[in-house]
Amino acid sequence: MRIAIVTDSYFPTRDGVATQVLTTRQCLEKMGHEVFIVAPDPGEKDREEGIYYVKAKPFKSYEGYFLPEFRHNNLKAIQEIQPDLIHMHGCTVMTLKGLVTSHKTGIPTVQTFVTMVNEVAYQYSPIRLPKNVLNKMVQIYLRQELKRPNALVVPTPPIERELLAMGVKPKRLEVIPVGVDIDRFRKDDKGDMIRERHGLVGKRVLITVGRMSFEKKVDLLIETMKVVPDDVVLLICGKGPCDKEWRQLAVDLGVQDKVVFAGFVPDDELISYYSCADIFITASKFETQGLTTLEAMACKIPAMCANGRAFTDVIKDGVNGYLFETTVEDCARVINEGLAHIDELKAGARRTAEEYSIQATAEALDRLYREVVEEKKERTKSKKK
């Protein structure tokens, strides 16, 4: 089957969507599919060979992202690719282009929705409106947009429930988790090298990985470092708009010696960074699944996660990690619990990650693709009669 993946985010943008698109493509190709990626153009310096790019400009409101031009909404690349199906990742401009192209060509569509954009629109919108007004406007948009693809995919049951409660009425709704390459993500022996690089030898290391943006709540983790044992260090991996602010926060709180900012970690070192840590931690309730959490767990790193949204389905207290309320006191509690029970939690962390393998995700998508294409053919036959 020929599949065109139309995505709002792709490299050099670093987020879960870009990672998901790449790993899904690789797994689908192993299954025999031909997969083509259509993405916003990041400029000549960052283009990859074989990617179909749509003219775009840097998104001024959110560094690292690119906004496609609204003109010419149909995707000319689709005429060249001639896919059997268009799979859209995201919910903004590229998705709209995919839907317009589908309307004009009759090619069926699947959409993967993994970001509750209504919760962060006020922070990044170039149009300044009151938070509640913008939230309602985005919800109205989502109700209209998410009903249009032939099938809508969400990563976890909590997101399914939230969208339905919002009034979204998709033609077909499927829960298919974002997959983790569990064959690749395994604890390696280079963790000691990372500890030496960042002065972490002899320390107990907490690691958090992701974009440094306000919804990730890394500031709570930094604040918690004031009340944990002296030998506990927080290793922050990632870059983003809150970088300078959080570095200054560590200084202002007097915990700069207990917080290490590693910056952006290249893919070929990511597993080694996970492997250097004792536990993974995130205070974000924004995650719809938490890909970096599962990557760490695949490396047998127990996870301490905020008690909200997707983590309530993934994290089981005392089995693979602990959930905590987003207060300094409760965050410190689970850090101490996790460090005290690391050995008992490691195996459970790995078992959990194996339940979210990219292979299982690709197989579920393969079944969905075939059903959507067949359903489209049947409807076309019925209209001709």
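Author: In this predicted model, a residue is called buried when its relative accessible area is under 20% and exposed when the area is over 50%, and partly exposed describes those in between.

Reader: What is the relative accessible area of E223, which is partly exposed?

Author: E223 lies in helix α8, which spans residues 218–224. Together with D219, E245 and E329, E223 forms a negative patch on the surface. Because the class of E223 is partly exposed, its value must fall between the two limits, and the computed relative accessible area is 33%.

Reader: How many disulfides does the count come to?

Author: A disulfide requires two cysteine sulfur atoms within 2.5 Å. The sulfur of C242 has its closest cysteine sulfur in C237, at 16 Å, which is too far for a bond. C276 is likewise in no disulfide, as the nearest cysteine sulfur, that of C237, is 7.2 Å away. The count of disulfides therefore comes to zero.

Reader: Is C276 buried or exposed?

Author: A residue counts as buried under 20% relative accessible area. C242 meets this limit with 8%. The relative accessible area of C276 is 1%, so C276 is buried.

Reader: Which residues gather in a patch of positive charge on the surface?

Author: One member of this patch is K169, found in the loop between α6 (157–166) and β9 (173–175). With a relative accessibility of 69%, K169 counts as exposed. The full patch consists of K147, R148, K169, K171, R379 and K383.

Reader: What accessible area do the residues of the nonpolar surface patch have together?

Author: The patch is formed by I127, L129, V133 and M137. L129 sits in the loop between α4 (121–124) and α5 (131–145) and is partly exposed, with a relative accessible area of 35%. Together, the residues of the patch have an accessible area of about 340 Å².

Reader: What distance separates the C-alpha atoms of K131 and E119?

Author: K131 is placed in helix α5 and is partly exposed, at 49% relative accessible area. Along the chain, K131 and E119 are 12 residues apart. Their C-alpha atoms are separated by 9.0 Å.

Reader: Which residue does R2 meet in a salt bridge?

Author: Side chains of opposite charge can pair when their charged atoms come close. R2 lies in strand β1 (residues 2–7) and its partner in strand β2 (residues 34–40), so the pair ties together parts that are 32 residues apart in sequence. R2 is partly exposed at 24%, and the partner is also partly exposed at 41%. With 3.2 Å from N to O, the side chain that R2 meets is that of E34.

Reader: How far apart are the closest N and O atoms of K45 and D46?

Author: K45 is exposed, at 73% relative accessibility, whereas D46 is partly exposed, at 26%. The salt bridge cut-off is 4 Å. K45 and D46 form such a bridge, with their closest N and O atoms apart by 3.4 Å.

Reader: Are E287 and K216 buried or exposed?

Author: The side chains of E287 and K216 meet in a salt bridge of 2.9 Å, N to O. This pair links distant parts of the chain, 71 residues apart: E287 is in the loop between β13 (279–282) and α11 (291–298), and K216 in the loop between β10 (204–209) and α8. By relative accessible area, both E287 and K216 are buried.

Reader: How many salt bridges does the count come to?

Author: R172, E174, E371 and E375 are linked in a network of salt bridges. By the 4 Å rule, the count of salt bridges comes to 19.

Key: Residues are numbered from 1 along each chain as its sequence is written. This is a predicted model: local features need pLDDT of at least 70, side-chain atom pairs count only at pLDDT 80 or more; totals for chains, interfaces and linings use all residues. Side-chain values use heavy atoms; hydrogens and water are left out. Buried means under 20% relative accessible area, exposed over 50%, partly exposed in between (1.4 Å probe, protein chains only). Patches are made of residues with over 30% relative accessible area and no salt bridge: like charges are joined within 9 Å, nonpolar side chains (Val, Leu, Ile, Met, Phe, Trp, Tyr) within 5 Å. Accessible areas come from the Shrake-Rupley method with a 1.4 Å probe; for residues, only the protein chains shown count as cover. Lys and Arg count as positive and Asp and Glu as negative; His and the chain ends are not counted. The place of a charge is taken as NZ of Lys, CZ of Arg, CG of Asp or CD of Glu. Helices (H or I, at least four residues) and strands (E, at least two) are DSSP runs, numbered from the N terminus.
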